[in-house]
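The exercises below are meant to be worked with the sequence and the coordinates open side by side. Each task is followed by a solution that proceeds step by step.

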Amino acid sequence: MRMKIAVYIHIPYCKSKCIYCDFLSSPNLAVSPAEYLRALEQELALRSHELREAGVMADTVYIGGGTPTVLSAAELSALLSACRTHLPLASGTEWTVEVNPGTIDLPKAAVLRAGGVNRISLGVQDTCDDRLALLGRTHTFAQARQAFSLCKKFFNAVSVDVMLGLPGQKVADSAKTVRELCAWQPDHLSLYGLKVEAGTRLDALLEQGAATLPAEEEALAMMQQGREILVAHGFNHYELANFAKPGHQCRHNLSYWENRPYLGLGLGAHSYWQSSRYCNTADLPLYQNSLLAGMLPPATIHVVQKREEMEDTMMLGLRLTGGVSFKEFQRRFRLDLRTLFAAEIQGLREKGLIECDAETIRLSKRGLPLANLVFAEFITGSP
Ligand code: SF4
């Protein structure tokens, strides 16, 4: 059987910059989308050669950003056709595109579906227009609802992104948001706690005292209540921040959490491929010029040693509520994780943060909100 890989494609354009965002995205890039897509197609062509030589097929393709749907319908069509031309594709490939409300319309939805897209990840974030405006989102809740209805008509699966712990938000507000979104009946929902990233506008506003965030206990209560509402509505809580109706787990993101190889194409995209982690340059002219000269863009490379791979496998796998399978770990590394991490496991079990049965190790209910503490225990070894 041929090896399968997840492919991520980065589109760095956005309508404007949200105040909390530190992703590699901008509304003001020096290179036009048409020129960027030309360079990206060249990268696809070069990478496809490597994939074919290694006998690897793409099992999932995830087009994210940025906001891929700021591209025109014609550009989206060209992008999908470049992917289909160059990537060796497995049958039943999961094709996800990230969409923001206000950037999708009927012609774009039709082009995406015709290009094989079968899953949409829609950035709704909140139901309150004032908070959406404060966050720098360029859409209202009504526009988010319209976008969702349109996507539901065109695609097999629609996921919505929701953020909690927002400035001025109370537990009752976040619960109302989650309940309202459950009523839409999405197939999948991602529930993220707002993180303050250094250098963002949000960071500056908090520093100046111009915005305040809920207290930590309040933010934790929002997550806890959000989880309970989603589970009560029939969602399976399968990863720290992710909930799916049966059969709708995100296969692409499962590759990351299972620490399997993936290939990232586009500006600043990350890859984990042939035991190394790569990160493409974030310098757009350099990215473009390298590819137009027929070379892959410069990238930082980090060779992953076996010990590091095992630690990553624990850290990422424990994000999944199903945890890490002893048998699978043994099959992959020819080692028993219970022996390898005996001291860490014992300490975490004594604190009640993890639990084990005969087959798996996973976070306990108590360990869920303290997941980062648990992960840190597994990444203390030498790289
Ligand atoms: S839409 Fe997404 S990628 Fe674009 S600025 Fe907002 S959070 Fe960042």
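## Exercise 1: Domains and their contact

Task: State into which domains the protein is divided, and describe the side of domain 1 that touches domain 2.

Solution. Start from the division of the protein, which is into domain 1 (3-257) and domain 2 (310-378); the model is a predicted one. Next, take the centres of the two domains over C-alpha atoms, which places domain 1 and domain 2 28 Å apart. The contact then draws on 8 residues from domain 1 and 8 residues from domain 2. On the side of domain 1 that touches domain 2, the elements giving two or more residues are helix 8 (216-232), strand 7 (236-239) and helix 9 (251-257). Strand 7 provides the largest share of that side, with 3 residues. Finally, sorting the residues of this side of domain 1 by character gives 6 nonpolar, 1 polar and 1 charged.

## Exercise 2: Overall dimensions

Task: Count the helices and strands of the protein, and decide how its radius of gyration stands against the globule rule.

Solution. The count yields 15 helices and 15 strands. The radius of gyration is 21 Å, close to the 21 Å that the globule rule gives for 383 residues, so the protein is as compact as a globular protein of that length. Along the principal axes, the C-alpha atoms fill a box of roughly 55 × 50 × 40 Å. Of the 383 residues, 42% count as buried. To see how the contacts are distributed along the chain, consider those with a separation of 6 or more: residues 24 or more positions apart account for 72% of them.

## Exercise 3: Helix 11

Task: Compare the span of helix 11 with the expected one, and list what its buried residues pack against.

Solution. Helix 11 covers residues 306-317, which makes 12 residues, and from its first C-alpha to its last it reaches 16 Å, close to the 16 Å expected at 1.5 Å a residue. The buried residues within helix 11 are M310, E311, T313, M314, M315 and G317. An α-helix has 3.6 residues a turn, so residues three or four places apart point the same way. As for their partners, the buried residues of helix 11 pack against helix 9, strand 13 (324-325), helix 12 (326-333), helix 13 (337-340) and helix 15 (371-378).

## Exercise 4: The ligand shell and a cis peptide bond

Task: Identify the residues around the ligand, and characterise the peptide bond from G65 to G66.

Solution. The ligand is surrounded by C14, K17, C18, C21, F23, S25, G65, G66, T67, N100 and G123. This shell divides into 4 nonpolar, 6 polar and 1 charged. Within the list are G65 and G66, and the peptide bond from G65 to G66 is cis, with omega near 20°. G66 has its place in the loop between strand 2 (56-65) and helix 2 (73-86).

## Exercise 5: Positive phi outside glycine

Task: Determine whether Q274 is buried or exposed, and do likewise for R334.

Solution. Although Q274 is not a glycine, it has a positive phi of about 50°, and it lies in the loop between strand 10 (270-273) and strand 11 (276-280). A residue is exposed if 12 or fewer other C-beta atoms lie within 10 Å of its own; because Q274 has 12 C-beta neighbours inside 10 Å, it counts as exposed. R334, likewise not a glycine, has a positive phi of about 60°, and its loop is the one between helix 12 and helix 13. With 7 other C-beta atoms within 10 Å, R334 is exposed.

## Exercise 6: Two buried loop residues

Task: Explain why I104 and R137 count as buried, and name their contacts beyond four places in sequence.

Solution. I104 lies in the loop between strand 3 (89-99) and helix 3 (106-114). The cut-off for a buried residue is 20 or more other C-beta atoms within 10 Å; I104 has 26 C-beta neighbours inside that distance and therefore counts as buried. Leaving aside neighbours within four places in sequence, I104 is in contact with T69, V99, A109, A147, L150 and C151. R137 lies in the loop between helix 4 (129-134) and helix 5 (141-154), and R137 is buried because 26 other C-beta atoms lie within 10 Å. With its neighbours within four places set aside, R137 is in contact with C18, Q125 and L132, and C18 is also one of the residues around the ligand.

Technical notes
Residues numbered from 1 in each chain as written. Predicted model: local features only at pLDDT ≥ 70, side-chain atom pairs only at ≥ 80, totals over all residues. Domains from an automatic or database assignment. Contact = placed C-beta atoms within 7 Å. Helix = DSSP H or I, 4+ residues; strand = E, 2+ residues; numbered from the N terminus. Nonpolar A, V, L, I, M, F, W, Y, C, P; charged D, E, K, R; others polar. Expected span 1.5 Å × (residues − 1). Near = placed C-beta within 6 Å. Rg over C-alpha atoms; globule rule 2.2 N^0.38 Å.
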